Structure formats: structure tokens, C-alpha cells
Amino acid sequence: MDDDARDWIAIRRAVVRYAQHRAGRADIAEDIAQEVLTRLMQVAETEQIGSIMALAFRIADNLLVDTYRRERRFDSDLDTEWQSDAPSPDRVLDSRSAVMVFQRCLRSMPPLRREVLVRRRLHQQACRDIAEALSLTPEAVEKHITRGLADLRRAMARAGVAIEDMA
């Protein structure tokens, strides 16, 4: 490492401390120091620099001002009052997954159980009407509904779908 390289390291450390003190944020200080060194090296290639530390701090000050202006503009562009009634993308994906599990489970049920469950839960038919239409007793209809719902709960649990989240 030559003397010139040690100077750049010292300048970088000084600019990081300076920018961190002024900005109060380490992430900005590192970025500012990087940009200051880049600009100093470009200037040093073509011009004689009287006080490299004074120029470094001046560049750092200008970059800090630019950063504050950019962040303030970005913050003012945000509408904090804006809300959407639409479900979040995660919620939509979870719901689609639940529907797929539900459909797969319904297709795998015995036909009579599926018919009873669909008539009761989707078409809101009374157990007595279902029993009469399918030549079953109301108790048999209740058993098919109970077993069908148990099948659905097990399928949802195996797929990792929380039923209470789907309400």
C-alpha cells in the first residue's frame, strides 16, 4: 500500500464519520463516502486539488442535501390515507389454493356424499328436502354432511389451509 492509497482510506473514514454525524444514518454515510471518493478520484486525474479534505466535505455536503431532497420528495409522494378494500395478493393466493383443495376433495368424495353436501352447503336446501329428493332419511343426510365436512377439514389441514382464515 503506498502513501496515496492510505490517504484515500483516511479520507474515506473521515467522510463516513462526517456524513454519519450529519445524517445520523450509517447507510447514507457509506453511500456518501463511496460517491465522494469516486468524484475526488475523477477530479484528481485532471486537476490539482488544493485541500482534498475541504473538497471531500463539500462534496459530501452537496450529496447529503441531494439525498434529503430526494427522500423528502419521495415521502411527500406517498399517500398515507390511501387504502384498498381489495384483498392482498397473499390473501388472493391463499384463497385460490383453498378453492383448489376444496374442489379436489369434493371430486374425491363418494357421489352421494358429494351430492348431499353440495345441496345442503352450496344450495342451502333443507335436510328434509334433500332426504326426500334422494330417498334417504334425514339422519342419513346429516351423517353424509358430517362426514363430508370432516373430509374437507382433513383435506384443508393436509394442505396447510387454515379454515378460520377463509371466513
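**Helix packing and residue environments in the predicted model**

Leu 152 is found in helix H7, where helices (DSSP codes H or I, at least four residues) and strands (code E, at least two residues) are DSSP runs numbered from the N terminus. The structure is a predicted model, in which local features need pLDDT of at least 70 and side-chain atom pairs count only at pLDDT 80 or more, while totals for chains, interfaces and linings use all residues. Residues are numbered from 1 along each chain as its sequence is written, and side-chain values use heavy atoms, with hydrogens and water left out.

At 9% relative accessibility, Leu 152 counts as buried, the term buried denoting under 20% relative accessible area, exposed over 50%, and partly exposed the range in between, with a 1.4 Å probe and protein chains only. When residues up to four places away in sequence are not counted, Leu 152 touches Phe 102, Cys 105, Met 109 and Leu 117, a contact being defined by heavy atoms within 4.5 Å. The C-alpha atoms of Leu 152 and Arg 104 are separated by 9.6 Å, although these residues lie 48 residues apart along the chain.

Asp 151 is likewise found in helix H7, and Asp 151 is buried, with a relative accessible area of 17%. Its contacts, again not counting residues up to four places away in sequence, are with Cys 105, Met 109 and Arg 113.

For the chain as a whole, the secondary structure comes to 7 helices and 0 strands, and the elements run α-α-α-α-α-α-α from the N terminus on. Of the 167 residues of the chain, 25% count as buried. Among the contacts in the chain with a separation of 6 or more, residues 24 or more positions apart account for 59%.

Helix H4 (residues 89-108) and helix H7 (residues 138-159) pack at an angle of about 135 degrees, and their axes are 9 Å apart; here the axes are lines fitted to C-alpha atoms, for helices over the stretch in contact, and angles run from 0 to 180 degrees between N-to-C directions. H4 and H7 are therefore oblique to each other, given that angles under 35 degrees count as roughly parallel, over 145 as roughly antiparallel, 65 to 115 as roughly perpendicular and the rest as oblique. The crossing in which H4 passes H7 is right-handed, a crossing being right-handed if the near helix is turned clockwise from the far one by less than a right angle, and left-handed if anticlockwise. On the H4 side the contact is made by Ala 98, Val 101, Phe 102 and Cys 105, and on the H7 side by Asp 151, Leu 152, Ala 155, Met 156 and Ala 159. By class, this contact of H4 with H7 has 8 nonpolar, no polar and 1 charged residues, where Ala, Val, Leu, Ile, Met, Phe, Trp, Tyr, Cys and Pro count as nonpolar, Asp, Glu, Lys and Arg as charged, and the others, Gly among them, as polar.

A second helix pair is formed by helix H5 (residues 111-122) and helix H6 (residues 127-134), which pack at an angle of about 140 degrees with their axes 10 Å apart. H5 passes H6 in a right-handed crossing. The residues that make the contact are Leu 112, Glu 115, Val 116, Arg 119 and Arg 120 of H5, together with Cys 127, Ile 130, Ala 133 and Leu 134 of H6. The contact of H5 with H6 has, by class, 6 nonpolar, no polar and 3 charged residues. Val 118 also lies in helix H5, and Val 118 touches Leu 106 and His 123 when residues up to four places away in sequence are not counted. Val 118 and Gly 148, which are 30 residues apart in sequence, are 9.6 Å apart in space from C-alpha to C-alpha.

Cysteines take part in both helix contacts, with Cys 105 on H4 and Cys 127 on H6. Cys 105 is buried, with a relative accessible area of 8%, and Cys 127 is buried as well, at 14%. With a disulfide taken as a pair of cysteine sulfur atoms within 2.5 Å, the count comes to 0 disulfides.

Backbone conformation was also examined in the loops. Most residues other than glycine have a negative phi. Gln 124, although not a glycine, has a positive phi of about 55 degrees; Gln 124 is placed in the loop between H5 and H6 and is exposed, with a relative accessible area of 60%. Ser 135, also not a glycine, has a positive phi of about 60 degrees, is found in the loop between H6 and H7, and is exposed, with a relative accessible area of 67%.
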